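Please look over the sequence and the model below before reading on. The paragraphs that follow it are meant to be read with both at hand.

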Amino acid sequence: MAAETVERRCRWCARRFTVTVGPGRPREFCRRSCRQRDYEARQRASEVGLSEHELVLTRQAMDDLRDRLYVLECAVEDVERDLVGAPTRAEYREALDWLLDAARPVVESLGREGRAAD
Ligand SMILES: [Zn+2]
């Protein structure tokens, strides 16, 4: 019998990964470095008196993320505008490419964050 798997989001980097369903607590992180980073962040948070749901990150990291999200937000607006009415197949394709181009840097930046600690 094949083991059952479910898709989860990593608690640290939010990347999707699959876990095998079995006894015990399911994995919360996509890889060891993410678990380590989460642990370190929680250690740091308790040192400065933050709750478990607060996180300290650099202004640079926050600004970079905001920039990428802004680009993505604009792309969503463009696509919504472009797809009003009865778009053709080609227009759908173009809209999807546009959206993917805006979304990829966000996804890739999450990957880089994780890999940097490996
Ligand atoms: Zn992760």
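What follows goes through the metal site, the core and a pocket of this predicted model.

A good place to begin is the zinc ion, whose protein donors are the SG atoms of Cys10, Cys13, Cys30 and Cys34, lying 2.3 to 2.4 Å from the metal. Along the chain these donors follow the spacing C-x2-C-x16-C-x3-C. The angles among the four donor atoms run from 103 to 116°, and the site is classed as tetrahedral because all of them fall between 85 and 135 degrees. For reference, the ideal angle for four tetrahedral donors is 109.5 degrees.

The cysteines of the site also belong to the largest nonpolar core, a set of seven residues in which Cys10, Cys13, Cys30 and Cys34 are joined by Phe17, Val19 and Phe29. Cys10 has a relative accessibility of 4% and therefore counts as buried, and Cys13, with a relative accessible area of 5%, is buried as well. Leaving aside residues up to four places away in sequence, Cys10 touches Phe17, Phe29, Cys30 and Cys34, and also Arg15 and Glu28.

Two of these contacts of Cys10, Glu28 and Phe29, reappear in the lining of the second largest pocket, which is made up of Arg25, Pro26, Arg27, Glu28, Phe29, Arg31, Arg32 and Arg35. The volume of this pocket is about 170 Å³. Its lining divides into six charged residues and two nonpolar ones, with no polar residue among them. Phe29 is thus found both in the largest nonpolar core and in the lining of the second largest pocket.

Conventions
Residues are numbered from 1 along each chain as its sequence is written. This is a predicted model: local features need pLDDT of at least 70, side-chain atom pairs count only at pLDDT 80 or more; totals for chains, interfaces and linings use all residues. Side-chain values use heavy atoms; hydrogens and water are left out. A nonpolar core is a set of buried Ala, Val, Leu, Ile, Met, Phe, Trp, Tyr and Cys residues joined through side-chain atoms within 4.5 Å. Buried means under 20% relative accessible area, exposed over 50%, partly exposed in between (1.4 Å probe, protein chains only). Contact means heavy atoms within 4.5 Å. Donors are N, O and S atoms within 2.8 Å of the metal (3.2 Å for Na, K and Ca); water is not among the atoms, so sites may look incomplete. Four donors count as tetrahedral if all angles lie between 85 and 135 degrees; four count as square planar and six as octahedral if opposite donors are over 155 degrees apart and all others between 65 and 115; anything else is irregular. On a 1 Å grid over the protein atoms alone, a cavity is a set of points where a 1.4 Å probe fits but cannot get out, and a pocket is an open set with protein on both sides within 12 Å along at least five of seven lines; lining residues have an atom within 4 Å of a point. Grid points are joined across faces, edges and corners, and a volume is the space filled by probe spheres set on the points. Ala, Val, Leu, Ile, Met, Phe, Trp, Tyr, Cys and Pro count as nonpolar, Asp, Glu, Lys and Arg as charged, and the others, Gly among them, as polar.
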